[in-house]
Amino acid sequence: MPVPMTRPPAILLGGDTNALSIARSLGAAGVRVYTIGVAPFVERSKWVTPLPVPRQGRNGRRPEDIWAEWLLGPEAEHLAGSVVMATSDVGITAIAHHRPALLGRYRLDVSDVDAQLAMLDKLATYEAARAGGVPTPLFWRVDSAEDLQKWRDELVYPLIVKPLLSHEYKEKFPGVTKFRLVHDWEELQHGYRELADAGLAVMLVEKIPGGDELLCSYTTYIDETGTPTFDYTKRMVRRNPPNEGLGCYHVTDDVPEVKELSLQLIKHTGLRGLAVIEFVRDLRDGRLKLIECNARFSAALPLTVASGLDLPLHVYLRILGERHELPHTYPYGKRLLYPIDDFRSFLALRRAGKLTFGQWVRSLMHPQTFPVWSPRDPMPAFARGFQRARSGLRKFVTGRLGR
């Protein structure tokens, strides 16, 4: 029996598996969910109503400005009073840059705009962490090609050429990696030129040695008084590609140290609202060191929800001013698996001699949470599977014809 839609609608700005998880959570709670700029498979959810907003800007206009302009235009008047939630970096930018105007029509989450924008900028994040006493990998500011030469004698390899704004890098270089990994001076020059020629600002970051199992993260929500409303930590098992791609296998755990360092960064920056902060364990000195901070729902949100923490509903109700508490405990060892991506990660690790087939199979011998599949809402999984099959077939045909 359908749940009556009795609460104000929610509008999600961007995202993929995180947006799908939010739509399912809020839809089941009686909230109509509209979306702008989400991944196509998310739009196939029974809980989602896509809005007719262009996905890309024209004539140099940024998507965040297009989205905000539409929300503030006459086509969106019937949505007045809706809750607008950022589910992507573009969404964060749209709300931050147009916040006063949007507040005149919509309900928005609590925010320190300067802190949110600083967490979007990787260099600003690292500089804030250094100022707040939070450990980071070695990093170097690069404003021009001349800076490469200036730092040449003190650089360490392998080295990450990291774009300051991840969503701009993804727009220019769509794929599964978030940065360029270089191993020597020649690769660094080439990688820097390629990103700089695309108009991207970058920084250089030391690559902490070790596998993806050294990654861990802390998730919380910071209310208007600066108080975290819950604590949630997890570890990474694998990424695809290994050591540089997106997480494909996660597990909940208790990592007190990552909570302490995360709250230290939050206190120093004044961040409010959602915070997902990722660290890596440096085995050379045993310390956790900052990787990044996302002031929004992350791609691993389905695991948070499956752990009994209905974070989408928590944020939604707090935006409405309603009191909502999350459990103080959650199960450790609960897992989130992206099956296809994890299989690809296994193949890469096996080629490198770091994971056998038996070890991989044993690592999967646990109950799993899947980010897209749901028997109550199956169409997104079918749509995503069809999209991937079509993409794979296109690559195969192109490769055969290119021989």
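This report covers one helix crossing and a set of salt bridges in a predicted model.

**Helix crossing**

Helix H1 spans residues 17-28, and helix H12 spans residues 311-319. Their axes come within 8 Å. They cross at roughly 70°. Angles of 65 to 115 degrees count as roughly perpendicular, and H1 and H12 are therefore roughly perpendicular to each other. The crossing of H1 and H12 is right-handed.

Which residues of H1 and H12 meet? H1 contributes Ser21, Ile22, Ser25 and Leu26. H12 contributes Pro312, Leu313 and Tyr316. The residues of this contact divide into five nonpolar and two polar, with no charged residue.

**Salt bridges**

How many salt bridges does the structure hold? There are 21. The table includes three of them, with the N to O distance for each pair.

| Acidic residue | Basic residue | N to O distance |
|---|---|---|
| aspartate 143 | arginine 141 | 3.1 Å |
| glutamate 194 | arginine 180 | 2.5 Å |
| glutamate 206 | arginine 284 | 2.6 Å |

Take the pair of aspartate 143 and arginine 141, whose side chains meet in a salt bridge. Aspartate 143 has 55% relative accessibility and counts as exposed. Arginine 141 has a relative accessible area of 43% and is partly exposed.

Next, the side chains of glutamate 194 and arginine 180 meet in a salt bridge. This pair links distant parts of the chain, 14 residues apart. Glutamate 194 lies in helix H9 (residues 185-197), and arginine 180 lies in strand E7 (residues 180-182). Is each partner buried, partly exposed or exposed? Glutamate 194 is partly exposed, at 31% relative accessibility. Arginine 180 is buried, at 18% relative accessible area. Buried means under 20%, so arginine 180 falls in that class.

Glutamate 206 forms a salt bridge with arginine 284. Here too the pair links distant parts of the chain, 78 residues apart. Glutamate 206 sits in strand E8 (residues 202-206). Arginine 284 sits in the loop between strand E12 (273-282) and strand E13 (287-294). Glutamate 206 is buried, with a relative accessible area of 8%. Arginine 284 counts as exposed, at 51% relative accessibility.

Which residues join Glu206 and Arg284 in one network? Asp282, Asp285 and Lys289 do, through salt bridges that share partners.

Note on methods: Residues numbered from 1 in each chain as written. Predicted model: local features only at pLDDT ≥ 70, side-chain atom pairs only at ≥ 80, totals over all residues. Heavy atoms only, no water. Axes fitted to C-alpha atoms, helices over the stretch in contact; angles between N-to-C directions. Helix = DSSP H or I, 4+ residues; strand = E, 2+ residues; numbered from the N terminus. Parallel < 35°, antiparallel > 145°, perpendicular 65-115°, else oblique. Left-handed = near helix turned anticlockwise from the far one by under 90°. Contact = heavy atoms within 4.5 Å. Nonpolar A, V, L, I, M, F, W, Y, C, P; charged D, E, K, R; others polar. Salt bridge = Lys/Arg side-chain N within 4 Å of Asp/Glu carboxyl O. Buried < 20%, exposed > 50% of the residue type's maximum accessible area, 1.4 Å probe, protein only.
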